[in-house]
Each structure stands twice: as structure tokens, then as C-alpha cells.
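Q: I would like to learn how to read a protein model feature by feature. Could we begin with the overall layout and then work down to individual side chains?

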Amino acid sequence: MSVEAEGRQVLNQAMIEGLRTGKAAEADLMILIAKNPIVDGQEEEDTQRHLNLVKNKLTGWHGMINCNLDYRIARFTA
């Protein structure tokens with residue numbers, strides 16, 4: 001991802017570093033994973049993640065799913 005995506009929860013295809021039209025056009029679906037910005041004084045890692053579903057077609061569902069990352073077993077849970 002590019003610097004434009006830093007600290008943002010809602011991501012899109014234009015934020016992919018070195019994006020060429022062909023990359024996005026070839027993908028049927030992209031899942032972009034974002035996390036909350038770091039808060040000053042925060043000691044523990046924030047486990048909330050935001051899965052941004054991006055399609056290159058106008059039909060179908062586009063959106064964001066909020067979930068938590070269980071890093072001990074590498075699993076996203078709702």
C-alpha cells in the first residue's frame with residue numbers, strides 16, 4: 001500500500017503502491033486489510049482489523065467488515 005493508506009480504515013484500489021491499471025483490472029476481487037491508527041500512550045497492540053472488499057465491477061457488494069485478529073492462531077473473528 002502507498003503512504004496515502006497510512007492510518008486509514010477505509011482503503012481502495014487507488015492506494016496500492018505502484019498501481020497500474022492492469023493490476024486492478026485483472027483482479028476479480030481484492031481484500032485490503034487495515035488497522036486502527038496508533039494512539040499516543042497505547043501500550044497494547046490494537047487487534048481490530050477492517051477487511052475492505054473491493055471489486056473491479058460495479059455489480060456485487062462492496063464494503064467493509066470489521067473484525068478482530070487473534071494473532072496467536074492467525075485468525076480473523078467477527
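## Reading the fold and its contacts

A: We can, keeping in mind throughout that this is a predicted model. Let us take one residue as a first exercise: Leu-29 has a relative accessible area of 48%, so it is classed as partly exposed, and its place in the fold is strand S1.

Q: Which elements does the chain contain, and in what pattern do they follow along the sequence?

A: The general habit is to list the elements before looking at how they pack. Here the chain has 1 helix and 4 strands, and along the sequence they follow the pattern α-β-β-β-β. Of the 78 residues in the chain, 23% are buried.

Q: How are the strands arranged in the sheet, and which of them are the edge strands?

A: Strands of a sheet pair through backbone hydrogen bonds, and the pairing may be either parallel or antiparallel. In this model the 4 strands form an open sheet in the order S1-S2-S3-S4, with antiparallel pairing. The edge strands are S1 and S4, the latter covering residues 75–77, and each of these pairs on one side only. When direction is ignored, neighbouring strands of the sheet are turned by 40° against each other on average.

Q: Over how many bridges do S1 and S2 pair?

A: Strand S1 and strand S2, which spans residues 48–55, are paired in the antiparallel sense over 7 bridges. For a point of reference within the sheet, look at Ala-34, which stands opposite His-50 in S2.

Q: Where is Asn-36 placed, and is this residue buried or exposed?

A: Asn-36 lies in the loop between S1 and S2, and its relative accessible area of 13% falls under the 20% cut-off, so it counts as buried. Having settled the burial, one then asks what the polar side chain meets. The side chain of Asn-36 makes a polar contact of 2.5 Å with the side chain of Asp-46, and another, at 2.9 Å, with the side chain of Gln-48.

Q: How many salt bridges does a search of the whole structure find, and which residues does Glu-45 meet in them?

A: The search finds 3 salt bridges. In one of them the side chains of Glu-45 and Lys-35 meet at 3.1 Å, taken from N to O. Because Glu-45 lies in the loop between S1 and S2 while Lys-35 belongs to strand S1, this pair ties together parts that are 10 residues apart in sequence. Glu-45 also meets Arg-49 in a salt bridge, with an N to O distance of 3.7 Å. As for accessibility, Glu-45 counts as exposed at 53%, Lys-35 as partly exposed at 35%, and Arg-49 as buried at 10%.

Q: Which residue forms a salt bridge with Asp-70, and which residues are joined into one network?

A: Asp-70 forms a salt bridge with Arg-72, and their closest N and O atoms are 3.2 Å apart. Asp-70 is partly exposed at 21% relative accessible area, whereas Arg-72 is exposed at 68%. The network consists of Lys-35, Glu-45 and Arg-49, joined by salt bridges that share partners.

Q: Which residues make the nonpolar surface patch, and which strand gives its largest share?

A: Here we return to the residue with which we began. Leu-29, Ile-31, Ile-33 and Phe-76 make a nonpolar surface patch of about 380 Å². Strand S1, residues 29–35, contributes the largest share of this patch, namely 3 residues.

Terms used: Residues numbered from 1 in each chain as written. Predicted model: local features only at pLDDT ≥ 70, side-chain atom pairs only at ≥ 80, totals over all residues. Heavy atoms only, no water. Patch = residues over 30% accessible without salt bridge, like charges linked within 9 Å, V, L, I, M, F, W, Y side chains within 5 Å. Areas by Shrake-Rupley, 256 points an atom, 1.4 Å probe, with all protein chains shown as cover. Salt bridge = Lys/Arg side-chain N within 4 Å of Asp/Glu carboxyl O. Helix = DSSP H or I, 4+ residues; strand = E, 2+ residues; numbered from the N terminus. Buried < 20%, exposed > 50% of the residue type's maximum accessible area, 1.4 Å probe, protein only. Pairing = 2+ DSSP bridges. Axes fitted to C-alpha atoms, helices over the stretch in contact; angles between N-to-C directions. Polar contact = N/O pair within 3.5 Å; in protein donor to acceptor, adjacent residues only side chain to side chain.
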